[in-house]
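Here are some worked exercises on a protein model. Try each task by hand in your viewer before you read its solution.

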Amino acid sequence: MSTILTENGVRKMDEGDPLATYRDQFYLPKDVVYLDGNSLGAAPKAAFDELETAAKTEWADQLIRSWRGADWWVLGEKLGNQLAELIGAGPDQVTVCDTTSINIYKALHAALSLRPDRSVILTEAEGFPTDSYIAEGVQSVRDRTELRLEDLDEDTIEDYLDETVAVVLINHIDYRSASVRNMKAITEKIHAAGAIAVWDLCHSAGIYPVDLEAANADFAAGCTYKYLNGGPGSPAFIYAAKRHHGSFSQPLSGWWGHVEPFAFEPNYTGDTGIRRLLCGTQPILSMRALKASLDMYDTVDMAAVRKKSQSLTSLFIDLVDQECDGLGVTVISPRDADARGSQVSLAHGNGAAIVHALTERGVIGGFREPNVMRFGFAPLYLTHHDVWLSVAHLKEVLETEAWREDRFNAAGKIS
Ligand SMILES: *Cc1c(COP(=O)(O)O)cnc(C)c1O
């Protein structure tokens, strides 16, 4: 970085922003710079109308007729097809349902069912914990299945692949550091070893132009309440490549996944398409809030999202270098914008207290143990000037050591 960044110079970066019109489509509280969209995305204003229609017209007025009349019955697949555009999936290979954790559970069993002669689930030792917890759960109910937790990346994964590995569960973008994995290269290595690739897209869906088909991925799952702005607890999504439809099995064999759900047969026969991954009745109201967000995404250019995301995160790093030099924070996300998702993580021994002090000032970020402050940059509703403001507050909190106050260090605080 050669020239000094000024507030006016940063304001100029917002001129001509092709995504500028989206900010007004979100409800954003006054005097808040929201840098935690990687945990819970902001609310699209359209979600309020969508929820009202779903609750008042479809539920209250139309009652049970809405299962067909308002397409509630196939809402997951409809939303899945909208979402497919954002993750490079073809039609009818994505459905919205359940939680990411549950979808990973189904995907791991599905993968194991496709490799009956193999016994190993390989996943990351340092990934988001639910992934390895769920893998443990899968292992616990299957005889002779072994779980291996390793440090997986493009240049290490081959060390752990052998003819016993049935499935690899791996994150596309790391939740702690935001480093991006090469999905295509890693999937190729997994396939070369004869295993199935399950991708966790929680930190890339809606923020990074994912291309599952180009990567030849087998299964994928991810959240919709982070960058996809679907609202608290909005259902997750699951992808199964067409080539596996009709071939895999999964143990949550509820009636929604039956080939003829209304035949009410005593025995289970799975649907031959993506619905085999469904279990039971889905949260229609939550799905409708997500629909509002996906309708907005129908108009969004993901290349522009990626470009602005890189610009915002690069600016944040440059400003931290310029303003917070010598104040004890270290950038732990990749400095190469191409290797980074839409979050910048800073390490500081008192990170939790600093995040609380920032939150009180209206700059909302997140914290992850042991010392990681996470700042997520959602290009649809943030500006470069927001980045300026956030670093100005960070600098002040660090310089004045405002974070030392007791209320920021109380036990039991979470962020
Ligand atoms: C947020 C997140 C999850 C969350 O799973 P839920 O079942 O929705 O609670 C899973 N995996 C990763 C990588 C995440 O970041």
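The exercises below deal with a predicted model, and they go through its cavities, its largest pocket, some helix pairs and two backbone spots.

**Exercise 1. Find the largest cavity and work out where it lies relative to domain 1 and domain 2.**

Step 1: Start with the count. There are three cavities of 30 Å³ or more, and the largest cavity holds about 40 Å³ of space.

Step 2: List the lining. Around the largest cavity you'll find Gly 206, Ile 207, Tyr 227, Asn 229, Tyr 297, Ala 378, Pro 379 and Leu 380.

Step 3: Sort that lining by class. You get six nonpolar residues, two polar ones and no charged ones.

Step 4: Bring in the domains. Domain 1 (7-30 + 301-409) and domain 2 (49-297) both supply lining residues, so the largest cavity lies between them.

**Exercise 2. Describe the largest pocket: what is its volume, and which residues lie nearest its centre?**

Step 1: The volume comes out at about 300 Å³.

Step 2: Go to the lining, which has 23 residues; nearest the centre are Gly 41, Ala 42, Ala 43, Gly 231 and Pro 232.

Step 3: Now assign the lining to elements. Those giving two or more residues are β3 (43-44), α2 (45-61) and α9 (284-297).

Step 4: Check the chemistry. The pocket's lining splits into 16 nonpolar and seven polar residues, with no charged ones.

Step 5: Check the domains too. Domain 1 (7-30 + 301-409) and domain 2 (49-297) each put at least three residues into the lining of the largest pocket.

**Exercise 3. Take α2 and α9, both of which help line the largest pocket, and classify how they pack.**

Step 1: Get the geometry. The axes of α2 and α9 come within 8 Å, with a crossing angle of roughly 140°.

Step 2: Apply the cut-off. Roughly antiparallel needs an angle over 145 degrees, so α2 and α9 count as oblique to each other.

Step 3: Add the hand. α2 passes α9 in a right-handed crossing.

**Exercise 4. Do the same for α9 with helix α4 (residues 75-87).**

Step 1: The α4 and α9 axes come within 10 Å and cross at roughly 30°.

Step 2: That angle makes α4 roughly parallel to α9, since the class takes angles under 35 degrees.

Step 3: As for the hand, α4 and α9 make a left-handed crossing.

**Exercise 5. Classify the pair made by helix α11 (residues 351-360) and helix α12 (residues 384-400).**

Step 1: Their axes come within 10 Å, crossing at roughly 125°.

Step 2: α11 and α12 are therefore oblique to each other.

Step 3: The crossing of α11 past α12 is right-handed.

**Exercise 6. Look at the backbone: what is notable about phi of Asp 98, and what kind of peptide bond joins Glu 369 and Pro 370?**

Step 1: Recall the background. Most residues other than glycine have a negative phi, and most peptide bonds are trans.

Step 2: Asp 98 has a positive phi, near 55°, and is not a glycine. Asp 98 sits in the loop between β4 (94-96) and α5 (100-114).

Step 3: Between Glu 369 and Pro 370 the peptide bond is cis, with omega about 5°. Pro 370 belongs to the loop between β14 (366-368) and β15 (372-376).

Methods
Residues numbered from 1 in each chain as written. Predicted model: local features only at pLDDT ≥ 70, side-chain atom pairs only at ≥ 80, totals over all residues. Heavy atoms only, no water. 1 Å grid on protein atoms, 1.4 Å probe; cavity = no way out; pocket = protein on both sides within 12 Å on 5 of 7 lines; lining within 4 Å. Points joined across faces, edges and corners; volume = space filled by probe spheres on them. Nonpolar A, V, L, I, M, F, W, Y, C, P; charged D, E, K, R; others polar. Domains from an automatic or database assignment. Axes fitted to C-alpha atoms, helices over the stretch in contact; angles between N-to-C directions. Helix = DSSP H or I, 4+ residues; strand = E, 2+ residues; numbered from the N terminus. Parallel < 35°, antiparallel > 145°, perpendicular 65-115°, else oblique. Left-handed = near helix turned anticlockwise from the far one by under 90°.
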